[in-house]
Amino acid sequence: MEQIIKLLAGELGQPQNYVNNVVTLLDEGNTIPFIARYRKEMHGAMDDTVLRDLADRLNYLRNLDKRREEVKRSIEEQGKLTEELSAAIDAAATLAEVEDLYRPYKQKRRTRATVAREKGLEPLAQLLFTQSPACPEPTTAAEDYVNPEKGVETIADALQGANDIIAEMISDDAEVRKMLREYMLRHSVLSSLAATEEDSVYRLYYDFKQPVARLQGHQILAINRGEREEKLKVTVLTEREQSLPLLYQMVVKPGSAATEFVTAAAEDAYDRLIYPSLEREVRNTLTEKADEGAIKMFGANLKPLLMQPPVKGKVAMGLDPGYRNGCKVAVVDPTGKVLDTAVVYPTFGERQKQEAIAALAKLIKKYGVEVIAIGNGTASKETEIMTAELLKVVDPGVSYMVVSEAGASVYSASKLAAEEFPQYDVNLRSAVSIARRLQDPLAELVKIDPKAIGVGQYQHDMPQARLDETLSGVVEDCVNAVGADLNTASAPLLSHVAGLTATTAKNIVKYREENGAFTTRKQLLKVPKLGPKAFEQCAGFLRVPESANPLDHTGVHPESYDAATALLETCGYTVADAATGEIGLLEAKVKLYGEEKLAQKVGVGVPTLRDVVKELIKPGRDPRDELPAPVLRSDILDMKDLKPGMELTGTVRNVIDFGAFVDIGVHQDGLVHISQISNKYIKHPGEILSVGDVVTVWVLNVDEEKKRIGLTMKKPK
């Protein structure tokens with residue numbers, strides 16, 4: 001374990017004692033959000049991203065250790081474990097290296113070499129493979145091994161068997177495989193050709209070649225999918241003339257009568273055993289790397305989407321566009337409670353559109369609607385055009401925003417939605433979800449499988465367990481960064497709070513339904529199946545506005561209540577002053593007193609002291625409030641209105657390997673290619689852009705027929 005701690009510290013650039021503390025905290029069952037927020041003194045304020053990387057790498061290294069022991073035990077049971085081999089296994093840095101070392105000792109299916117060994121030809125193979133100066137000519141050496149009873153009829157049969165054994169020995173050599181694998185990863189070329197004459201989305205890869213080392217993740221995933229759909233034929237091309245000399249250097253010894261024979265066996269090993277195997281390994285390595293990159297990108301896109309600033313305190317109208325079944329409408333109050341629903345038919349003709357405008361105007365006036373959220377799916381453009389007309393006949397203070405409805409249909413047809421809105425049909429539930437997405441994206445989006453939210457690429461091709469694990473971690477980090485109101489949060493939202501499960505979240509909701517609103521955080525301990533450990537993990541992230549104790553309204557953890565009270569008293573305040581906001585000079589007084597001295601006095605570390613001060617000054621602060629507000633519109637653009645050079649403000653909807661898609665107020669998102677994002681060189685768009693960013697762009701080109709808009713973030717000269 002000490003070696004793992006040392007390795008993690010070096011890879012993460014963190015002190016060993018901090019890494020050791022985090023490992024101990026994880027092993028004790030503490031959650032990442034809890035460790036990140038409330039155990040800063042123990043890890044030097046690593047953020048949740050670093051902590052998750054540490055936890056992932058720790059898991060890999062522990063699995064590597066476990067596999068090392070399994071391999072050594074298996075070889076030892078065969079009586080073949082030497083000190084040298086044991087040391088080599090212990091020194092292996094990856095699972096691939098461990099498997100290479102284990103390869104000669106693995107139980108194999110029956111091979112040509114196995115058959116040759118059964119015929120008693122292993123001593124001949126060993127003799128020839130030594131390639132000693134005293135080694136006889138292969139034909140001479142083979143004479144003693146001709147044995148018709150064993151199926152070795154001729155000298156040629158004996159030499160063929162020896163060749164098969166030597167070829168397998170070379171193929172099983174860990175150093176050989178490592179060297180050739182690294183060579184292929186550096187110098188091979190991936191080739192894809194059309195496997196069909198018909199046109200398809202994979203046409204870019206119908207005659208494609210790219211060095212393996214320069215392949216982009218999105219190219220690998222696209223090629224893999226094209227191959228699965230039998231649209232592409234894919235091969236890894238490696239210069240045989242360049243690879244074989246490397247192999248000869250490792251296994252061929254000049255100056256022996258057996259040199260030529262072993263050279264031929266090495267070529268057979270390369271062509272028949274090594275290259276096909278390593279080609280699969282290289283493809284797997286590329287896929288694993290691409291998968292991991294895509295999963296990280298998905299998580300990086302999901303986080304800002306979940307953390308989009310809410311449109312608080314406004315009555316909202318949600319419009320779920322549609323053709324055949326009309327446009328579904330829901331009006332919700334500032335807390336998300338449904339006030340009214342309707343269905344209008346703006347796409348059925350001009351008369352129906354005017355009737356829809358009149359009906360919506362009536363709802364806007366009746367309920368004081370201030371913002372309208374329009375889903376971006378089918379008939380969205382027509383609905384947006386109608387909304388622009390609608391806004392001309394209602395209060396000028398009303399504005400609208402097109403929101404992603406990805407996953408809304410999944411949610412509206414779910415068991416959860418049926419429980420939440422048994423009185424509404426599936427379509428109206430979707431309209432409610434769209435309205436709430438504008439009011440509080442996080443609270444609404446946590447009800448949906450993250451994979452259905454639509455901010456990744458090739459998500460259905462990813463290893464699903466790994467993808468779910470990563471995305472669940474992102475959702476957990478976001479929910480805990482914002483915190484949750486214990487008396488209004490839904491069970492799906494509560495289930496992502498540190499320390500809570502789907503079961504304890506439902507028990508919390510059931511408890512407050514049966515006993516009324518929570519009045520203190522301590523009441524959580526009365527909830528069935530929510531014990532002291534779960535309370536420790538979740539309490540700081542749950543707010544209780546109804547509590548008589550002002551500290552229950554904040555992100556101060558109950559374990560620090562005494563410290564917070566002592567801090568206030570030392571600075572001349574009371575907890576009651578904190579409740580009324582009359583502690584404006586608290587920060588200045590803390591600095592005057594001295595952070596280290598004050599932290600020691602109240603019994604906490606300096607990082608915790610700083611967090612307590614922040615919470616007391618701004619109780620229940622929402623980190624989303626510090627982000628740019630979403631772009632609300634009152635007019636509409638059409639693609640035909642766009643002209644090259646036109647300056648627009650847009651919102652980043654998705655970040656992918658080759659660029660970013662930006663909503664500029666027309667039905668079709670525009671693409672900012674990676675080359676148009678910045679004047680400086682960047683490896684990935686994610687270095688500069690995140691989902692939800694509000695950006696200034698200029699139109700490069702418009703293709704109305706293909707519905708493509710090219711944008712740039714480089715200001716035209």
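The legends below describe close-up views of one predicted model. Residues are numbered from 1 along each chain as its sequence is written, and side-chain values use heavy atoms, with hydrogens and water left out. Because the model is predicted, local features need pLDDT (the predictor's confidence in each residue, from 0 to 100) of at least 70, side-chain atom pairs count only at pLDDT 80 or more, and totals for chains, interfaces and linings use all residues.

**View 1. Helix 13 (residues 217-228) and its cover**. Helices are DSSP runs of H or I with at least four residues, strands are runs of E with at least two, and both are numbered from the N terminus. The end C-alpha atoms of helix 13 are 17 Å apart, which agrees with the 16 Å that its 12 residues should span at 1.5 Å a residue, the expected span being 1.5 Å times one less than the number of residues. Among the buried residues of helix 13 (buried means under 20% relative accessible area, with a 1.4 Å probe and protein chains only) are Ile 220, Leu 221 and Ile 223. Their cover includes strand 1 (189-194), strand 2 (207-211), strand 3 (232-237) and helix 15 (259-306).

**View 2. Leu 524 in the loop between helix 24 (502-515) and helix 25**. Leu 524 is buried, with a relative accessible area of 0%. Leaving aside neighbours within four places in sequence, Leu 524 is in contact (heavy atoms within 4.5 Å) with residues including Leu 486, Ile 508 and Phe 535. Leu 524 and Phe 535 are 11 residues apart in sequence and, C-alpha to C-alpha, 7.0 Å apart in space.

How values were computed:
Buried means under 20% relative accessible area, exposed over 50%, partly exposed in between (1.4 Å probe, protein chains only).
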